[in-house]
Amino acid sequence: MNQNLNQENNMGKRAIPLVDLEKFTKGSEADRTAFVAELGSAFHEVGFVGVINHGIPKDLVDDFYKASKAFFSLPVETKRSYEIKDMAGQRGYTSFGKEHAKQSQVADLKEFFQIGQFVSKDDPRKPEYPDNPDVKEVEGFYELGKGLYKAFEKSGGALLRAIAIHLGLDENYFDPKITKGNSILRAIHYPPITEEPKNAIRAEQHEDINLITLLVGASAGGLQVLNAQKEWLDVVPGEGEIVINVGDMLQRLTNNYLISTTHRVVNPPKAEWHKPRLSIPFFLHPVSEMDLTCLQDTVTEERPLNYEPITAGEYLDERLREIGLKK
Ligand SMILES: O=C(O)CCC(=O)C(=O)O
Ligand SMILES: [Fe+2]
């Protein structure tokens, strides 16, 4: 595939920078330093970055993609048997028409399945992390989901190590905060569009709640980011590229130095309404007790304190209520 052509968007330019994670994980000291600077400026200026050589095995992505497709093609009653009461959608299935962006009255045109952290039965965190349901109808769904979850955790951890260095923190600052963190792997299905949507789009503009998001499968098109000039730019990742963005927790921790950029998924042109879209974001969350108080060095005369102290758990609770997942 012609990478350049593929990555040109509606403005005729790449909407987001591109970095190579192996420069950080396998490179020389000079490569690592360059990577930290590239990632840091991407997160500070754009809030989004494309990543190649991210270490997430292609086969695993492809196989989980196929398993997710199989799940979403099950009868709706079967899918709904994986809807778990009182879990705010944090495990299992959430049906079409439930989630909406915080400012929006209409629900997004999507259904999804969420997989949460895996810990052993006797782990002190077990009460926080209920079991993920096994999807009996789709062979391998549970194991593939678990494998992909772990792979995303590992790549996300490497990216946060680079960001810690960029922020002048200890390289391992985030490690204990994301070990057994409350991350969520979400398989999203945007079904074919069958009638003129009133106001709804596939995913209304929003910012992500978590530290960072790692996204595969956006290649079907539709993802757009809002740049500083308030233009919507298409994100068109190349083959094997994943899209990473800063979420509100990392923006909050860095007192808006790293930016959680607004994004959305638009409906395709009418000729492509029959095409469904499947994407797989991994929302990397810390443990609930992580303190999101703004880092001292990010509060300056030019950048006065923007946020009150809060923990990640309290913040997540507040946000899940706003988007209609928690009552
Ligand atoms: O489907 C996509 O490409 C992005 C979805 C998204 O932004 C989200 O679920 O937070
Ligand atoms: Fe998002």
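**Figure 1. A left-handed crossing between α4 and α6.** Helices α4 and α6 cross in the left-handed sense in this predicted model. The axes of α4 (residues 58–72) and α6 (residues 141–166) come within 9 Å, with a crossing angle of roughly 135 degrees. That angle makes the two helices oblique to each other, because 135 degrees falls outside the ranges counted as parallel, perpendicular or antiparallel. On the α4 side, look for L60, V61, D63, F64, A67 and F71. Facing them from α6 are F141, L144, G145, G147, L148 and A151. Sort these contact residues by class and you get 9 nonpolar, 2 polar and 1 charged.

**Figure 2. Helix α3 meets α6.** Here α6 is shown with another helix, α3 (residues 29–45), and the two axes come within 9 Å and cross at roughly 85 degrees. So α3 sits roughly perpendicular to α6. From α3, the residues to pick out are F35, V36, L39, G40 and F43. From α6, they are L159, A162, I163, I165 and H166. No charged residues turn up in this contact; its members are 8 nonpolar and 2 polar.

**Figure 3. The eight-stranded sheet.** Running across this view is an open sheet of 8 strands in the order β1-β2-β10-β7-β12-β5-β4-β3, with mixed pairing. The edges belong to β1 (18–20) and β3 (92–94), each of which has a single partner strand, so one side of each goes without a neighbour in the sheet. On average, neighbouring strands are turned by 25 degrees against each other, direction ignored. Further in, strand β7 (residues 212–216) runs antiparallel to strand β12 (residues 277–284), and 5 bridges join the two. To find your bearings in that pair, start at I212, whose bridge partner in β12 is L284.

**Figure 4. Two helices on the eight-stranded sheet.** This close-up puts α4 and α6 back in place against the strands. Helix α6 packs on the sheet and touches β4, β5, β7, β10 (242–246) and β12. The direction of α6 makes about 130 degrees with that of β7. Helix α4 lies across β4 (111–115), β5 (184–190), β7 and β12. Relative to β12, α4 runs at about 115 degrees.

**Figure 5. The four-stranded sheet.** The view moves to an open sheet of 4 strands, ordered β6-β11-β8-β9, with antiparallel pairing. At its edges stand β6 (203–206) and β9 (232–234); each has a single partner strand, so one side of each is left without a neighbour in the sheet. The average turn between neighbouring strands in this sheet is 20 degrees, direction ignored. Strand β8 (residues 223–226) pairs with β9 in the antiparallel sense over 3 bridges. One of the spots worth zooming in on is Q224, which has D234 as its bridge partner in β9.

**Figure 6. Zooming back out to the chain.** To put the close-ups in context, the chain has 9 helices and 12 strands. Its C-alpha atoms fill a box of roughly 55 × 55 × 40 Å, taken along the principal axes. A compact globule of 327 residues would have a radius of gyration near 20 Å, and the chain's 19 Å agrees with that.

Definitions and conventions:
Residues numbered from 1 in each chain as written. Chains lettered and ligands numbered in written order. Predicted model: local features only at pLDDT ≥ 70, side-chain atom pairs only at ≥ 80, totals over all residues. Axes fitted to C-alpha atoms, helices over the stretch in contact; angles between N-to-C directions. Parallel < 35°, antiparallel > 145°, perpendicular 65-115°, else oblique. Left-handed = near helix turned anticlockwise from the far one by under 90°. Contact = placed C-beta atoms within 7 Å. Nonpolar A, V, L, I, M, F, W, Y, C, P; charged D, E, K, R; others polar. Pairing = 2+ DSSP bridges. Rg over C-alpha atoms; globule rule 2.2 N^0.38 Å.
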